[in-house]
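Welcome! Here is a short tour of the open and enclosed spaces in a protein model, with a stop at a pair of helices along the way.

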Amino acid sequence: MGKVAVGVAVVCGVAVAAAAAVVVHRKMKKSGRWIKAMELVTEFEEKCATPIWKLRQVADAMTVEMHAGLASEGGSKLKMLISYVDNLPTGKEKGLFYALDLGGTNFRVLRVQLGGKDSGIVNQQFEEVSIPPSLMTGTSDALFDYIAAELAKFVAQEGMDFQLTPGRQRELGFTFSFPVMQSSIASGTLLRWTKGFSIDDAVGQDVVAELTKAMERQGLDMRVSALVNDTIGTLAGGRYTNNDVVAAVILGTGSNAAYVERAHAIPKWHGLLPKSGEMVINMEWGNFRSAHLPLTEYDHALDADSLNPGEQIYEKLISGMYLGEIVRRVLCRMAEEAAFFGDIVPPKLKVPFILRTPVMSAMHQDTSPELKVVADKLKNILEYLVLTSRDLC
């Protein structure tokens, strides 16, 4: 977790500084505008800094919340959800299996032929499908019908390289990367949406049932045999090839962690203890919040303008959904208070989320002498031409 926090602070700060280096000519470093701009950059870096002592405070606060979440439902900002996964893959599995991964602005469908301990993964194919923005805030039926239709197309393309065991129905593992309260290995009630989704009539519903009804409407003969979070899926994938894997972390559009807990260390578990003595816990750590987190005014403003104010604070600090937007907000303030882009603020700079995290990452990695990548990104996205020293005078 320490490396995550440090890395995010560095990437955001470097991206802002890189933009500054391109926008302002070297000769202008002593000008009032440059001094003010650098003051804002320095202030930002200081407020989101994560020295080791700060990281230890954050880690200790998260540990307290983990114990509280394991003790009772609603006892912590961390849901510490019981996954009902008490056995992870061993590498000996055989057969044809399908998977659906829904966790962001895209979803993936996959089929894999497993050959057992000696053969491992014999063959696999996957496709990635973009979700139209309108479906992210529409209705449950519209979203799941779209997903089921794409899944049906994918199944129809199944070739001779994939062999379904005679007499068996196709099985689907459903990776659903949003907070759900599971009641079994193949059912779960959606608690809330994250990562830009907001579909009211799906909240409180069993997402497996919703997908199953959509598949039936498509005439697709397939059974959802397991519902897991993407983090748990990552953990299972790691365990398939390495029996020592006990935890997984997602750093993508959102952020989360899952790990293998001792079953007897989960006070809120009221059923019979699993024979394995273990239970995989979905932390939902994106919702973690603590006074020790280095929240800046940019973070507070982003949260206030989001679809879920007050929620997913940790995720909004470190995940790909939001990092580019934080940098945009810093640049916007520099443009307004330090005339960073000249006499006017580029109109495109005022558009929320126009600066995506992959763009910020590309700017961060630009090592060219003239920072050509940074300049090109500013020009293409903000429709802004790099200013000369004469323009800045």
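## A pocket shared by two domains

In this predicted model, the second largest pocket has a lining that takes at least three residues from domain 1 (9-49 + 306-382) and at least three from domain 3 (90-228). The space in this pocket comes to about 480 Å³. Its lining is made up of 27 residues, and those closest to the pocket's centre are Lys195, Gly196, Phe197, Leu307 and Met321.

Which helices each supply at least two residues of this lining? They are helix 4 (133-136), helix 8 and helix 10. Sorted by class, the lining of the second largest pocket has 14 nonpolar, 6 polar and 7 charged residues.

## Where helix 8 meets helix 10

Two of the helices that help line that pocket, helix 8 and helix 10, also pack against each other. Packed helices are described by the angle between their axes and by the distance between those axes. For helix 8 (residues 297-305) and helix 10 (residues 323-338), the angle is about 115° and the axes are 10 Å apart. Their crossing is right-handed.

If you would like to find the contact in the structure, look on helix 8 for Glu297, Tyr298, Asp299, Ala301, Leu302 and Asp305. These meet Glu325, Ile326, Arg329, Val330 and Arg333 in helix 10. By class, this contact holds 5 nonpolar and 6 charged residues, with no polar ones.

## The largest pocket

Next comes the largest pocket, with a volume of about 1,200 Å³. It is lined by 37 residues, and Pro89, Ala99, Gly233, Ala236 and Gly237 are the closest to its centre. Several elements give two or more residues to this lining: strand 2 (94-102), strand 3 (106-115), strand 4 (121-130), strand 5 (170-176), strand 8 (222-228) and helix 7 (230-241).

Which element gives the most to the lining of the largest pocket? That is helix 7, with 8 residues. The lining as a whole has 22 nonpolar, 9 polar and 6 charged residues.

## An enclosed space between domains

Besides its pockets, the structure contains 7 cavities of 30 Å³ or more. The second largest cavity has about 90 Å³ of space. Of the 13 residues lining this cavity, Ser177, Lys195, Ser255, Asn256 and Glu315 lie nearest its centre. You may recognise Lys195, which is also among the residues closest to the centre of the second largest pocket.

The lining of the second largest cavity includes 2 nonpolar, 7 polar and 4 charged residues. Why does this cavity lie between domain 2 (51-83 + 244-293) and domain 3 (90-228)? It does so because both domains give residues to its lining.

Conventions:
Residues numbered from 1 in each chain as written. Predicted model: local features only at pLDDT ≥ 70, side-chain atom pairs only at ≥ 80, totals over all residues. Heavy atoms only, no water. 1 Å grid on protein atoms, 1.4 Å probe; cavity = no way out; pocket = protein on both sides within 12 Å on 5 of 7 lines; lining within 4 Å. Points joined across faces, edges and corners; volume = space filled by probe spheres on them. Nonpolar A, V, L, I, M, F, W, Y, C, P; charged D, E, K, R; others polar. Domains from an automatic or database assignment. Axes fitted to C-alpha atoms, helices over the stretch in contact; angles between N-to-C directions. Helix = DSSP H or I, 4+ residues; strand = E, 2+ residues; numbered from the N terminus. Left-handed = near helix turned anticlockwise from the far one by under 90°. Contact = heavy atoms within 4.5 Å.
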